[in-house]
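Open the model in your viewer and keep the selection panel at hand. The stops below are given in the order in which to select them.

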Amino acid sequence: MYFTAKIEIDPAQLTVFKKIKPTKLFGKLLDVLSFGKLTERQEHETFTAISILQQLNMGLRSINIKNVVRLAVDDYDFYLDEHGAEDDLDEAMFQFKAKVDPMESELFSTVYLVLEHNHDALKYLVEIAILRKHGIGEYPIRINVNGVLSEFKLNDGETKEQLKDRIGKVFGKQDDYDNFLEIHKAKFNQFVDALEQAILKFIHSDDVVKTVHTEIIRPKRTIDNPKEIRHERYGNPIYYGYYGYDNYFFYSWMWSSSLYSHNIYVNDCHVVDEVGNGVMGVGENGFNAGDNNAFNVDEPFEAPSGLDDVEYFEGSEYQDELESSNVLSDGSDITDTSDISDSGGFDGGDDGGASRSSCGGCGD
């Protein structure tokens, strides 16, 4: 179990619209035959990579977020922390400005800035993607926040069984579980709100869209140590494999089986597969985890039946199981955690819901 938030920001910057002709031969032929009617338009932001990073730098520092793990442009890493360095935001910015001149910074497609932060019992990964070119109506600044429970980090010399015993206190009674979840969910929401407001102080915005929810991993098999965690470069940042994070993430891979063995009532969450693709969204009514094998890692995945507020998603590693259970409708959403620069939009959140606010005056 971990928390995730996604924030899309439409900065109040000048934009230009450019026609994008098809690149493949057949597409070019159709474009000619249709007198250019198939040509798409694309929105280009006029800010430079350096200017937007400088604004983000000020916003992040204002709430003491200054520990960078990655700074990349178009998938080229200008800075990647492989040793757990602290307070390296200035160093990452220096590396970037030293290697990219102002003219080149106007030619980027996507800039990625990934930071880590510890605050109030949670450890965060904050991934910011800045898109200079994007579809009309899509927002060029996309922020993906993951939060894990820092108290359940696997300590040096600690075994899986010892960690499982520590986690077990959360599942003793239903009230214990509910209270624990609500307390940490509130802390996560407060952090996300503070992050949003800090950035908007320095980046004037026309609009903001935000979603927040809880994700529970349903593994296909039991894993015995953090080295067995699968990494996904283009998923949620928690799956990337950044230095030191697997020890913090390991407890999440035991959460599903603990829910099942303690028959915990589960609601308001998303269930995801081993690389973060959405399997199902559980609504307010929920169900008891011990009633079926949806969370039982020792058995094949079973889609809960007869529930009105469970939504199933296409595109996960449980696609075959969902199809065989006939729970996917023709209108099922495709939900995954592919890189936020490519996803185009974010799925709606259960916990905290989705908020859309007009921020034309933010930062004044």
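Start at Asn236, which sits in the loop between strand S10 (205-217) and helix H7 (245-249). The coordinates are a predicted model, so every distance and angle on this tour is computed from that prediction.

**Stop 1: Asn236 and its partners**

Is Asn236 buried or exposed? Its relative accessible area is 0%, and because the limit for buried is under 20%, Asn236 counts as buried. Now add Asn144 and Asn146 to the selection. The side chains of Asn236 and Asn144 are joined by a polar contact of 2.7 Å. A polar contact at 3.4 Å links the side chain of Asn236 to that of Asn146. Switch to C-alpha atoms for this second pair: Asn236 and Asn146 are 90 residues apart along the chain, and their C-alpha atoms are separated by 7.5 Å.

**Stop 2: aromatic rings after Asn236**

Stay in the loop and display the aromatic side chains. The structure holds 18 aromatic pairs. For one of them, select Tyr239 and Phe249: the ring centres are 5.3 Å apart and the planes are at 85°, so the pair is edge-to-face. Tyr239 belongs to the loop between S10 and H7, while Phe249 belongs to helix H7, so the pair ties together parts that are 10 residues apart in sequence. Tyr239 is buried, at 0% relative accessibility, and Phe249 is buried with a relative accessible area of 0%.

Next, select Tyr240 and Tyr242. This aromatic pair is stacked, with 4.1 Å from centre to centre and 10° between the planes. Tyr240 counts as buried at 15% relative accessibility, and Tyr242 counts as buried at 4%.

**Stop 3: an aromatic cluster and two lysines**

Which residues form one aromatic cluster? Select Phe152, Phe171, Tyr177, Phe180, Tyr251 and Trp255 together to display it.

Then look at two places where a lysine lies over a ring. Lys123 is over the face of Tyr248, 4.7 Å from the ring centre. Lys220 is over the face of Tyr318, and here the distance to the ring centre is 5.3 Å.

**Stop 4: helix H8**

Select residues 252-261, which make up helix H8. Seven of the 10 residues of H8 are buried, so the helix is largely enclosed by the rest of the structure. The buried residues are Ser252, Trp253, Met254, Trp255, Ser256, Ser258 and Leu259. Trp255 was already selected at the previous stop as part of the aromatic cluster.

Move past the end of the helix to Asn263, which follows H8 and lies in the loop between H8 and strand S11 (265-266). Check its backbone: phi is positive, about 50°, although Asn263 is not a glycine. With 35% relative accessibility, Asn263 counts as partly exposed.

**Stop 5: the second largest pocket**

Keep H8 on screen and show the pocket surface. How much space lies in the second largest pocket? The value is about 220 Å³. Its lining comprises 15 residues, and those nearest the centre are Lys160, Lys164, Thr222, Ser257 and Val297. To see where the wall comes from, colour helix H5 (160-168) and helix H8 (252-261), each of which supplies at least two residues of the lining. H8 gives the most, with five residues. Colouring the lining by class gives six nonpolar, four polar and five charged residues.

**Stop 6: Glu158, ahead of H5**

From H5, step back along the chain to Glu158, in the loop between strand S9 (141-149) and H5. Glu158 counts as buried, at 15% relative accessibility. Follow its side chain to Asn155: it reaches the backbone nitrogen of that residue at 2.9 Å.

**Stop 7: Asn326**

Finish in the loop between helix H9 (319-324) and strand S16 (353-358), where Asn326 is placed. Its phi is near 60°, a positive value in a residue other than glycine. Is Asn326 buried or exposed? At 68% relative accessibility, Asn326 counts as exposed.

Key:
Residues numbered from 1 in each chain as written. Predicted model: local features only at pLDDT ≥ 70, side-chain atom pairs only at ≥ 80, totals over all residues. Heavy atoms only, no water. 1 Å grid on protein atoms, 1.4 Å probe; cavity = no way out; pocket = protein on both sides within 12 Å on 5 of 7 lines; lining within 4 Å. Points joined across faces, edges and corners; volume = space filled by probe spheres on them. Helix = DSSP H or I, 4+ residues; strand = E, 2+ residues; numbered from the N terminus. Nonpolar A, V, L, I, M, F, W, Y, C, P; charged D, E, K, R; others polar. Buried < 20%, exposed > 50% of the residue type's maximum accessible area, 1.4 Å probe, protein only. Polar contact = N/O pair within 3.5 Å; in protein donor to acceptor, adjacent residues only side chain to side chain. Phe/Tyr/Trp six-rings, centres within 6.5 Å; stacked < 30°, edge-to-face > 60°. Lys NZ or Arg CZ within 6 Å of the ring centre and 35° of its normal.
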